[in-house]
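Trainee: Please take one part of this structure and look at it closely. I would like to follow the salt bridges, and then the place where two of the chains meet.

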Number of protein chains: 4
Amino acid sequence: MGIRTAVAGASGYAGGELLRILAGHPEFEIGALTAGANAGTELGAHQPHLRSLAGRVLEETTPDALAGHDVVFLALPHGRSGPLAAELGDDVLVVDCGADHRLTDPTAWEAFYGTPHAGTWPYGLPELPGQRDALRSTRRIAVPGCYPTAVTLALFPAFAARLAEPDVVVVAASGTSGAGRSLKPHLLGSEVMGSVSAYAAGGVHRHTPEMTQNLGAVAGEPVTVSFTPTLAPMSRGILATCTAKARPGVTAAALRAAYGDAYAGEPFLGLLPEGQWPATSMTLGANTALVQVALDEAAGRIIAVAAVDNLAKGTAGGAVQSANLALGLPEELGLTTIGVSP
Amino acid sequence: MGIRTAVAGASGYAGGELLRILAGHPEFEIGALTAGANAGTELGAHQPHLRSLAGRVLEETTPDALAGHDVVFLALPHGRSGPLAAELGDDVLVVDCGADHRLTDPTAWEAFYGTPHAGTWPYGLPELPGQRDALRSTRRIAVPGCYPTAVTLALFPAFAARLAEPDVVVVAASGTSGAGRSLKPHLLGSEVMGSVSAYAAGGVHRHTPEMTQNLGAVAGEPVTVSFTPTLAPMSRGILATCTAKARPGVTAAALRAAYGDAYAGEPFLGLLPEGQWPATSMTLGANTALVQVALDEAAGRIIAVAAVDNLAKGTAGGAVQSANLALGLPEELGLTTIGVSP
Amino acid sequence: MGIRTAVAGASGYAGGELLRILAGHPEFEIGALTAGANAGTELGAHQPHLRSLAGRVLEETTPDALAGHDVVFLALPHGRSGPLAAELGDDVLVVDCGADHRLTDPTAWEAFYGTPHAGTWPYGLPELPGQRDALRSTRRIAVPGCYPTAVTLALFPAFAARLAEPDVVVVAASGTSGAGRSLKPHLLGSEVMGSVSAYAAGGVHRHTPEMTQNLGAVAGEPVTVSFTPTLAPMSRGILATCTAKARPGVTAAALRAAYGDAYAGEPFLGLLPEGQWPATSMTLGANTALVQVALDEAAGRIIAVAAVDNLAKGTAGGAVQSANLALGLPEELGLTTIGVSP
Amino acid sequence: MGIRTAVAGASGYAGGELLRILAGHPEFEIGALTAGANAGTELGAHQPHLRSLAGRVLEETTPDALAGHDVVFLALPHGRSGPLAAELGDDVLVVDCGADHRLTDPTAWEAFYGTPHAGTWPYGLPELPGQRDALRSTRRIAVPGCYPTAVTLALFPAFAARLAEPDVVVVAASGTSGAGRSLKPHLLGSEVMGSVSAYAAGGVHRHTPEMTQNLGAVAGEPVTVSFTPTLAPMSRGILATCTAKARPGVTAAALRAAYGDAYAGEPFLGLLPEGQWPATSMTLGANTALVQVALDEAAGRIIAVAAVDNLAKGTAGGAVQSANLALGLPEELGLTTIGVSP
């Protein structure tokens with residue numbers, strides 16, 4: 001008998017991706033599926049690609065519906081996870097794909113979200129130096145945001161090896177599923193196809209403090225991040241172009257060596273061969289972050305580009321990876337490094 | 001009787017867009033259409049959207065074929081325009097959409113192109129401070145590259161108003177037509193759809209020296225540009241996210257005012273209302289650059305985002321705009337500010 | 001001073017395309033712009049590509065707002081045009097892009113729409129045999145549906161020449177703008193990109209009776225049409241694959257000759273050269289229908305494929321074409337046969 | 001130790017999908033990977049999504065390179081498999097994804113391919129009535145074409161239950177990967193994005209005789225198929241809209257019941273709930289065919305729409321499914337019914 005697992009928010013995109021991964025995982029047994037407005041309908045009406053679960057009826061997202069499971073994945077709008085988790089018991093593994101418990105600094109939380117801080121949970125990014133151990137045996141996991149996942153994985157080797165100044169500029173392109181299934185005019189297919197657009201530019205995107213938190217922790221000093229997200233005409237994927245001022249004397253060889261070292265032994269991180277730059281299609285459906293790095297000597301900047309699937313490694317895959325650790329399972333169990341392409 | 005006009009490279013994407021604009025222009029009369037490998041075939045086999053010209057037979061690109069016209073537009077691979085122009089006569093207006101005559105610094109040319117410099121022609125970006133007058137009555141025009149068009153238009157107001165330090169980071173997304181009609185595996189639809197990818201990163205893209213040339217001229221000091229181009233799953237459009245370190249004391253209000261001033265009276269530049277960020281779909285088929293700007297105070301950077309149609313304002317539209325000036329016609333003649341959307 | 005023109009439904013896709021065409025038309029002067037829920041906002045918030053009109057404030061769609069114009073274009077949900085038109089005066093040209101007045105048979109209307117029939121207006125498809133004269137001087141025009149435009153133009157020559165049996169099967173792919181700007185989950189970019197889907201199959205799509213009406217009128221006998229619409233991952237365009245059983249003895253040469261004859265002199269219809277099949281990109285933004293036809297002798301069917309831009313020739317362009325006729329202007333005025341591609 | 005498996009044509013799209021599936025299959029061990037022009041390069045240069053195989057060097061496609069394997073998958077241009085298979089030994093399971101051995105009628109082969117017929121192999125579509133047993137223990141498998149897979153699975157229940165007349169019209173939309181990785185202008189991203197186009201219409205597509213062969217076998221009488229393929233702006237997926245004239249007296253209930261019966265127990269066929277129509281995104285990366293069927297009483301036709309992933313169930317997944325049968329493995333082994341969406 002498997003690990004009884006519930007998914008709250010099962011009719012959304014993150015919930016659907018969790019179910020896709022969980023359905024192929026040898027240890028999890030899928031229990032309650034809950035939803036908000038879609039409660040009472042069949043999963044197949046919203047996630048027709050999940051054939052084996054299509055007939056499951058969605059329950060209302062309540063503590064009662066989620067009770068009696070070993071693991072509960074929350075794929076809910078922010079602000080929802082704290083109260084639910086409080087009623088789930090300390091022995092239940094709660095994996096929150098929302099933002100509520102990612103930030104350690106209440107001031108940063110309040111500045112960007114405008115609500116009281118709900119407290120900090122262990123941050124579910126095992127590849128962040130020192131973080132893997134913090135996830136073993138925890139019963140609360142804050143899954144990183146999709147953009148911070150890409151940016152942190154792209155730049156931590158440069159900061160860990162003291163090759164970068166704390167002056168970071170990031171421009172990232174995301175597929176539309178990153179915005180969820182909300183019915184907003186700018187997310188209509190007619191609007192997004194054939195068009196790339198910027199949004200939340202100028203330092204106001206809510207994932208910014210998560211990036212400064214992660215990179216600052218690795219750098220050992222405050223890091224400023226100028227972050228501009230853009231929306232690209234694709235359903236999935238993030239391509240994050242991350243640049244940092246290079247410290248004096250950094251060489252291309254030293255940079256490449258640092259990345260090689262940092263990624264060694266990491267099953268889900270890949271440094272591409274020299275000359276090959278990432279494309280999001282390389283990671284579709286896979287739990288990988290693929291990275292290339294170069295030194296622009298004329299501009300004095302390190303350029304690291306990462307591709308991730310925002311729903312897989314960027315959300316649901318990362319969530320399962322951390323849950324594997326927390327449950328004492330092999331970290332890679334049920335996760336693939338092979339994408340679907342073309 | 002109109003201005004006799006030839007287009008060399010008529011079966012490519014830039015050539016096609018030139019013909020689309022010229023066909024709707026009240027003064028130009030379309031004469032010879034030439035091509036390389038496609039010579040001898042009908043235009044409609046390659047440009048079926050140009051109905052009124054579909055039956056025209058493409059000639060070989062030779063000085064003879066191009067002789068006898070008042071204006072010759074060249075949409076050819078780089079290295080081709082110099083020899084052709086030399087045979088066309090000084091009284092013929094030659095508008096080169098290629099790179100050959102854009103750079104003023106032979107060293108930069110040779111570093112990025114690896115061939116001897118062919119000389120510098122007046123640079124066809126009327127909006128660049130001081131440039132409009134240089135285009136009146138010229139008989140040689142070097143049409144700017146598509147990326148430099150977007151980046152220069154996005155950032156020149158900040159430099160002109162002395163609000164920016166010469167430390168620029170640009171990440172731009174381009175539609176695939178920017179790469180032309182060349183048969184390369186990474187340009188196949190199966191590869192590009194659903195995927196954003198980086199390429200020519202790390203300071204090696206050939207449009208980089210054109211950006212430093214333009215911004216340096218406005219700034220009055222050398223400007224470094226870290227430029228990363230990305231390929232987005234769309235046929236047309238460039239979204240350029242351009243950031244520059246802000247000078248001390250710059251305010252958001254001063255920034256916005258500088259852009260308002262710089263764009264005032266420019267028919268093809270638009271500063272969007274506050275809160276509205278550019279999307280490439282706003283400019284499809286139009287000769288406009290639409291820009292939004294913000295100050296990221298925490299990161300200390302100016303963020304200016306520009307959308308242009310790489311084939312229209314970024315190539316063929318810009319070419320016709322400059323040709324209008326050179327011919328003494330109204331600058332806006334035959335050009336539209338209204339895009340096709342959705 | 002131009003022809004004073006109002007557009008009701010200006011914040012939608014059909015309304016936006018009407019404005020794009022009207023803004024480039026030499027005779028129309030754009031007056032009131034009205035909307036439903038978007039009344040009180042600026043047009044540029046919804047149609048940022050229409051630069052010259054971006055600052056216009058949308059009024060509520062009322063008879064008062066529309067009064068005082070020579071022409072009123074209605075781009076409204078069905079059921080809205082009848083009452084409005086009744087208050088606009090018989091001397092005002094009312095061009096209805098909605099469905100209300102297209103069908104001549106009240107029974108068909110009620111079967112497919114479930115509401116009382118509002119009466120029939122002259123049908124705005126000038127290329128339909130005999131129809132052009134009916135549009136001259138009319139003050140009421142029912143603009144055809146986008147699918148019926150494509151299907152009728154693709155098949156009328158075969159019926160007019162008595163080459164086809166009244167047994168028609170149509171499968172058409174449409175871009176998402178055909179569904180309008182309504183906020184429905186299946187129209188989200190994340191859902192439509194990378195996917196083709198069927199909908200309203202099995203004879204229930206509301207455009208079906210319009211097809212049988214048009215083709216039956218040309219055939220002089222009842223025609224059955226099996227119509228399956230599909231949604232394709234593009235913003236614009238219809239590709240309609242139309243097949244009809246061939247009458248005994250029909251030859252490919254006779255078929256091609258019939259199409260050549262039927263399209264001769266039609267400025268907006270094009271029969272492609274043999275071997276070239278239509279693509280919707282050939283017609284983007286243009287007022288053209290491009291068609292290819294073949295005889296499948298083994299299957300005994302005529303195959304006619306048409307490409308149109310659903311918003312241009314399929315809605316707004318067709319509307320302006322018919323309005324030109326009604327106003328005594330040249331039929332082609334302000335309309336282009338040249339698409340935007342790639 | 002696993003079943004030693006070679007893949008010929010590993011750098012193409014079908015080869016890549018075979019490797020994606022084989023890498024996740026518990027019984028196959030991936031041996032030689034061969035290619036044509038790409039021989040000598042690393043797989044990762046062409047299939048960067050296949051991380052665990054990225055460093056493998058491609059060998060030349062020769063009998064020697066393929067020798068010593070238990071199973072050889074051929075993903076080659078047609079005309080190549082016969083000679084290779086002859087040298088591979090009768091005990092080797094050869095699974096040919098090409099067309100060479102699909103047709104039973106040499107005349108049909110020669111009419112559509114223009115070369116001598118290479119002989120017929122057992123047809124790898126286990127769901128075709130009677131076909132499953134023919135695949136057990138065979139050492140030669142002809143994998144069906146992608147379109148015939150979709151069309152046959154969509155219509156066989158109607159013919160098996162004697163509900164359909166032998167008068168079939170099919171229009172199918174395919175993603176661009178169906179055309180392979182060949183460098184042709186019409187397959188460039190700039191051409192296919194934002195556009196649906198028809199090709200090979202009028203009865204000339206080479207998959208047509210395969211459809212008449214399959215449906216005729218089920219019907220017990222010759223079936224005519226009018227087949228029009230279209231190219232849609234997506235990388236993967238086929239949506240096949242298949243219509244057949246209904247026999248007199250057929251009811252919607254009888255039709256639905258026939259499909260329910262025919263699909264019962266088939267792990268990879270799904271009849272969607274009433275009212276839900278297939279989308280190709282429901283099947284991306286999965287080995288499923290999802291179908292909906294309706295009776296259009298006014299037109300007297302059965303409408304069956306099928307979605308498949310052309311590379312998965314339509315090629316590589318179907319190949320592995322049949323190989324499982326031939327090798328005595330569970331038919332579903334290593335294959336998923338869960339797609340990747342959105």
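Mentor: In this predicted model, D:Arg236 and D:Asp309 form a salt bridge, with 2.8 Å between the closest N and O atoms. D:Arg236 sits in the loop between strand S9 (224–231) and strand S10 (238–246) of chain D, and D:Asp309 in the loop between strand S13 (301–308) and helix H10 (312–326) of chain D, so the salt bridge ties together parts that are 73 residues apart in sequence. Both ends can be checked for exposure. D:Arg236 has a relative accessible area of 3% and D:Asp309 has 1%; the cut-off for buried is under 20%, so each of them counts as buried.

In chain A, A:Arg236 and A:Asp309 belong to one network with A:Glu17 and A:Arg20, joined by salt bridges that share partners.

Chain C shows a pair within one helix. C:Arg20 and C:Glu17 meet in a salt bridge, N to O, at 2.9 Å. Helix H1 (residues 13–23) of chain C holds both C:Arg20 and C:Glu17, which are three residues apart, about one turn of the helix. C:Arg20 is buried, at 16% relative accessible area, and C:Glu17 is buried too, at 0%.

Chain B offers a pair with an exposed end. The closest N and O atoms of B:Arg256 and B:Glu274 are 3.8 Å apart, and the two residues form a salt bridge. This pair links distant parts of the chain: B:Arg256 is in helix H9 (residues 252–263) of chain B, while B:Glu274 is in the loop between strand S11 (269–271) and strand S12 (289–296) of chain B, 18 residues away. B:Glu274 has a relative accessible area of 68%, and the cut-off for exposed is over 50%, so B:Glu274 counts as exposed. Over all chains, the search of the whole structure finds 56 salt bridges.

Now for the place where chain A and chain C meet. Here 18 residues of chain A are in contact with 18 residues of chain C. Between them the two chains bury about 1,500 Å², and 58% of this area is on carbon and sulfur atoms. Of the area that chain A buries against chain C, 41% comes from A:Leu183, A:Leu188 and A:Met193, more than from any other three residues.

Charged and polar pairs are found here as well. Two salt bridges are counted between chain A and chain C. C:Glu191 forms a salt bridge with A:Arg181, where the closest N and O atoms are 3.1 Å apart. Twelve residue pairs are in polar contact across the interface of chain A and chain C. On the side of chain A that touches chain C, helix H7 (residues 189–192) of chain A gives the most, with four residues. By class, that side of chain A has nine nonpolar, six polar and three charged residues.

The last point is how the two chains are arranged. A turn of 180 degrees, with a shift of 0.0 Å along the axis, lays chain A on chain C with an RMSD of 0.0 Å. The two copies are therefore related as by a two-fold rotation axis. In chain A, the C-alpha nearest that axis belongs to A:Gly189, at 1.7 Å. Of the interface residues of chain A, 100% are also interface residues in chain C, so the copies meet through the same surface.

Definitions and conventions: Residues numbered from 1 in each chain as written. Chains lettered and ligands numbered in written order. Predicted model: local features only at pLDDT ≥ 70, side-chain atom pairs only at ≥ 80, totals over all residues. Heavy atoms only, no water. Contact = heavy atoms within 4.5 Å. Buried area = accessible area lost by both parts, 1.4 Å probe. Salt bridge = Lys/Arg side-chain N within 4 Å of Asp/Glu carboxyl O. Polar contact = N/O pair within 3.5 Å; in protein donor to acceptor, adjacent residues only side chain to side chain. Helix = DSSP H or I, 4+ residues; strand = E, 2+ residues; numbered from the N terminus. Nonpolar A, V, L, I, M, F, W, Y, C, P; charged D, E, K, R; others polar. Least-squares fit on C-alpha atoms with pLDDT ≥ 70 in both. Buried < 20%, exposed > 50% of the residue type's maximum accessible area, 1.4 Å probe, protein only.
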